[in-house]
Amino acid sequence: MEAIARRSEWWGQRRPQIEKEVADTLRRHLLENTGLMASYRLIPSVAERFLSLVEGALLRGVDAEAARAVARDWGQQGMAFSTLLALFHCLRRGVEAEGSAIYHEIL
């Protein structure tokens, strides 16, 4: 329970910055996408959905089926695999910035 409280506190402190970085990453990779995912208007909702998945993984554990479903939906809507990878790299950079204890606990 202590680990969940620590992760929750970390997420509460870092979420605004990670949210900004996720949105920036989506903007930088926008031209790699097609279809709906090539629209700037979707950036806030895609960022929120990604962050909700991350929050769920931090507080309740990874739901692999939910993650696969989101990735499948985004792929069908035109998100490039390189954009999806960039989102995870963005998250990893945010986690690594906090030091090894949180990094190893989360990842």
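## A walk through an all-helix chain

The protein chain holds five helices and zero strands, and in this predicted model its elements follow one another from the N terminus as α-α-α-α-α. Of the 107 residues in the protein chain, 36% are buried. Among the contacts that join residues at least 6 apart in sequence, 70% link residues at least 24 apart.

A good place to begin is the pair formed by α1 and α2. Two packed helices are described by the angle between their axes and the distance between the axes. For α1 and α2 the angle is about 155 degrees, and their axes lie 10 Å apart. Angles over 145 degrees count as roughly antiparallel, and α1 and α2 are therefore roughly antiparallel to each other. The crossing in which α1 passes α2 is right-handed. On the α1 side, the residues that meet α2 include Ile 4, Trp 10, Trp 11, Ile 18, Val 22 and Leu 26, together with charged residues such as Arg 7, Arg 15 and Glu 19; on the α2 side, the residues that meet α1 include Ile 43, Val 46, Phe 50, Leu 51, Val 54 and Leu 58.

From this pair the reader can turn to the interior. In soluble globular proteins, nonpolar side chains tend to be buried together. Here the largest nonpolar core has 22 residues, and those that touch the most other members are Val 22, Leu 26, Trp 74 and Met 79. The elements giving two or more residues to this core are α1 (2–28), α2 (43–60), α3 (64–76) and α4 (81–96), and the largest share, seven residues, comes from α2.

Trp 74 is worth following through its surroundings. When its neighbours within four places in sequence are left aside, Trp 74 is in contact with Met 37, with Val 46, Arg 49 and Phe 50, and with Met 79, Leu 84 and Leu 87. As for α3 itself, its 13 residues should span 18 Å at 1.5 Å a residue, and because its end C-alpha atoms are 18 Å apart, the expected and modelled spans agree. Just after α3, Gly 78 takes a positive phi of about 110 degrees.

A last residue leads back to the beginning of the chain. Thr 25 is found in helix α1, and with a relative accessible area of 2% Thr 25 is buried, since buried means under 20%. Apart from its neighbours within four places in sequence, Thr 25 is in contact with Ala 86, Leu 87, Cys 90 and Arg 93. Leu 87 thus appears among the contacts of both Thr 25 and Trp 74.

Technical notes:
Residues numbered from 1 in each chain as written. Predicted model: local features only at pLDDT ≥ 70, side-chain atom pairs only at ≥ 80, totals over all residues. Heavy atoms only, no water. Core = buried A, V, L, I, M, F, W, Y, C linked by side-chain atoms within 4.5 Å. Buried < 20%, exposed > 50% of the residue type's maximum accessible area, 1.4 Å probe, protein only. Helix = DSSP H or I, 4+ residues; strand = E, 2+ residues; numbered from the N terminus. Contact = heavy atoms within 4.5 Å. Expected span 1.5 Å × (residues − 1). Axes fitted to C-alpha atoms, helices over the stretch in contact; angles between N-to-C directions. Parallel < 35°, antiparallel > 145°, perpendicular 65-115°, else oblique. Left-handed = near helix turned anticlockwise from the far one by under 90°.
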